[in-house]
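Colleague: I would like to go through a few local features of this model. Please give the reasoning before each result.

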Amino acid sequence: MHVLDVDQRSSCHTFIVCLTTIKHWSQQHPQHVPIFILVETKQGRAGAAPVAHGPEPFTSATFDALDADIRSVFSEKEMITPDQVRGSYETLLDAIQASGSGAAGKRTGGWPTLAAARGKVIFLMDQRPVEAVYTEGHPSLHGRVIFTNATPGAPDAAFTEENSGTMAEINALAKQGYLIRTRTDDGTEEARTNDRTRADMALSSGAQMLSTDYPQSEPSQWTGFFVGLPHGFAARCNPVTAPPGCVDSLLEPSSAK
């Protein structure tokens, strides 16, 4: 549901049905790497369609219902949640920076290992303007399901988007323990000219999630531009933060492809 009344071509027409589809696949491939689910809480009417219906505003109560919908499909054991990552730390920021520096000690919290994260999903909030609404009454995301697209340094900061960030900025955040999403292309600009500058930078950075409008299965209609990982992998060793000896081909079991 990209734009109400205008762009509604979806393979699943309710949030719960979409999540159920993901859960069934996950159950069939229990050793898959964690799946990032980016939740886009769009508000306002489409400028090009003044007669289109507008989505309802997202309030604290709306987000309570959103969390409840997610929990109706996935159990706590099937997700990576803010409470799990925060552990015994006061804030999410404290937890991810301790795990990023290797200074966690005996405290619980921090990002799970790949072995502990296999077969799980993690929910991420795309829109930063609703961060204050989602965290209202839930400091540092206590009791919430979705990681906010937080400003680095905020108490709820564990995930952040750096869609226009430089490699230096992204790499610095990755070394601090942040989960980062960046884009390899946007607005069809790179796709029209087959400009791979932005894609190559993103692929060389420490961002853990790379978003493209042109996966190999749907290349650009203008130039054939597409973005993908080598050998068709869904995941690879992080070029900035991966431990020595990490092997791309061992990350995603063949049964999960």
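Colleague: Leaving aside neighbours within four places in sequence, which residues is arginine 144 in contact with?

Modeller: This is a predicted model. Arginine 144 sits in the loop between α6 (131–135) and β3 (159–161). Without its neighbours within four places in sequence, its contacts are Ser60, Phe63, Asp64, Asp67, Arg71, Pro82, Val133, Tyr134 and His138.

Colleague: Is arginine 144 buried or exposed?

Modeller: Buried means under 20% relative accessible area. Arginine 144 has a relative accessibility of 1%, so it counts as buried.

Colleague: Which backbone oxygen does the side chain of arginine 144 reach?

Modeller: One polar contact of the arginine 144 side chain, at 3.0 Å, is with the side chain of aspartate 67. At 2.9 Å, the arginine 144 side chain also reaches the backbone oxygen of tyrosine 134.

Colleague: Serine 220 lies in the segment after β5 (209–211). Is serine 220 buried or exposed?

Modeller: The cut-off for buried is under 20% relative accessible area. Serine 220 has 5%, and therefore it is buried.

Colleague: How far is the backbone oxygen of alanine 191 from a polar atom of the side chain of serine 220?

Modeller: Not counting residues up to four places away in sequence, serine 220 touches Ala191, Tyr214 and Phe225. From the alanine 191 backbone oxygen to a polar atom of the serine 220 side chain, the distance is 3.0 Å.

Colleague: At what angle do the axes of helix α1 and helix α2 cross?

Modeller: α1 passes α2 in a right-handed crossing. The axes of α1 (residues 15–28) and α2 (residues 60–73) come within 9 Å, and the crossing angle is roughly 35°.

How values were computed. Residues numbered from 1 in each chain as written. Predicted model: local features only at pLDDT ≥ 70, side-chain atom pairs only at ≥ 80, totals over all residues. Heavy atoms only, no water. Helix = DSSP H or I, 4+ residues; strand = E, 2+ residues; numbered from the N terminus. Buried < 20%, exposed > 50% of the residue type's maximum accessible area, 1.4 Å probe, protein only. Polar contact = N/O pair within 3.5 Å; in protein donor to acceptor, adjacent residues only side chain to side chain. Contact = heavy atoms within 4.5 Å. Axes fitted to C-alpha atoms, helices over the stretch in contact; angles between N-to-C directions. Left-handed = near helix turned anticlockwise from the far one by under 90°.
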